[in-house]
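User: Could you take a close look at one part of this structure for me, namely the packing of its helices and its nonpolar cores? I am in my first year, so please go through it step by step.

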Amino acid sequence: TVIVYYRKTFLPPFNFLRRKRAYRYGFERMTKPDIVHGNILQTHVLFARELKEKYGIPYIVTEHWSGLLKANYPTVSNAKKRVVKLIVDKADYLVPVSHALKNDMISQGIGKEFAVIGNVVDTSLFNQKSVIKNGPFRFLHVSNLIALKNPETIIRAAVKVRESHANFELFIGGDGDTAPLKALVESLQVSEYIQVFGKKNLTDVADLMRTSDCFILFSDYENLPCVLLESMSTGTPVIATNVGGVGEIVYENRGLLIAKKESELIDAMVQMLNAESRWNSSELNQYVEDNFSYLAISKQFDEIYSRILND
């Protein structure tokens, strides 16, 4: 591992030039690689194109940026679109994390060679629950709490579910602004069964997932959310909106897929409360282990690397 620091300024062009200089400085102090693997089609990956043009080193780029989804791409600036084009023109492979993202990229003329490889989960940390949880049924939501995650809607849905089902609680929070959520809980006088929490480390998040009965993700758009895979890895089923690549991982006995309607979220929560025995924790955990663990994902990348080197 080579780490090179550079001084940040308030001017993005200067930051870009200093970052490229830092990359070159680091590159000169390492053995020339056989492959470069970039992450996200943004300005820093232009260095990969530079290395290919200068040394003939092939490169691939993993992509999970929601800006490339068909619904969001029209709002992307022309400057960013030009950067994307410069990178993909020379890339050997683009590696989106979902087929939905791949299809949206193709429809917008972005890229030629693709290999879909999902996000990775640390299954040693997000491991299967080993004890039976006592107490009320627990719904959980963890995110950065931005508007597109709709945390307020989750709270309001829980309040409506409470009208017919009393034996449950909702834990909701993350590394975003919790003040509006706490104010909403206080105004609705529902702190008895809805708890808002702040930022937690990954170990604490894994513990929360293991002690919960269902994870909720009610997003306007997503690609392939790690948080859903992490929840399933602990053996906890999910409720999620059918957006992006979510439908590629949430089906059959892994959770409930819903439209972006509060009424469907309410119905799904009630269904979870009425049929919790339907979900097999071991099967959920094994699905993630087989498809998204370090070993599973590394094998898929190894296949791409080998294909490029053989070519």
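Analyst: What follows goes from one pair of helices to the cores and then to a further helix.

The model is a predicted one, and in it the axes of helix H8 (residues 226-233) and helix H10 (residues 281-292) come within 7 Å of each other, crossing at roughly 125 degrees. Because of that angle, H8 counts as oblique to H10. On the H8 side the contact is made by Leu229, Met232 and Ser233, which meet Leu284, Asn285, Tyr287, Val288 and Phe292 of H10. Sorted by kind, the residues of this contact are six nonpolar, two polar and no charged.

Both helices also give two or more residues to the largest nonpolar core, which has 39 residues and in which Leu140, Phe215, Leu228, Met232, Ile249 and Phe292 have the most contacts. Isoleucine 249, its neighbours within four places in sequence left aside, touches Leu224, Pro225, Leu228, Leu229, Met232, Arg254, Tyr287 and Phe292. A second core, separate from this one, has 32 residues, among them Ala158, Ile239, Ile266 and Met269.

Ile266 and Met269 lead on to helix H9, whose buried residues are Leu265, Ile266, Ala268, Met269, Val270, Met272 and Leu273. These buried residues pack against several elements, including helix H5 (151-161), strand E4 (137-143) and strand E8 (238-241). As for its length, H9 (residues 262-274) has 13 residues and so should span 18 Å at 1.5 Å a residue, which agrees with the 19 Å between its end C-alpha atoms. In soluble globular proteins, nonpolar side chains tend to be buried together.

Conventions:
Residues are numbered from 1 along each chain as its sequence is written. This is a predicted model: local features need pLDDT of at least 70, side-chain atom pairs count only at pLDDT 80 or more; totals for chains, interfaces and linings use all residues. Side-chain values use heavy atoms; hydrogens and water are left out. Axes are lines fitted to C-alpha atoms, for helices over the stretch in contact, and angles run from 0 to 180 degrees between N-to-C directions. Helices (H or I, at least four residues) and strands (E, at least two) are DSSP runs, numbered from the N terminus. Angles under 35 degrees count as roughly parallel, over 145 as roughly antiparallel, 65 to 115 as roughly perpendicular and the rest as oblique. Contact means heavy atoms within 4.5 Å. Ala, Val, Leu, Ile, Met, Phe, Trp, Tyr, Cys and Pro count as nonpolar, Asp, Glu, Lys and Arg as charged, and the others, Gly among them, as polar. The expected span of a helix is 1.5 Å times one less than its number of residues. Buried means under 20% relative accessible area, exposed over 50%, partly exposed in between (1.4 Å probe, protein chains only). A nonpolar core is a set of buried Ala, Val, Leu, Ile, Met, Phe, Trp, Tyr and Cys residues joined through side-chain atoms within 4.5 Å.
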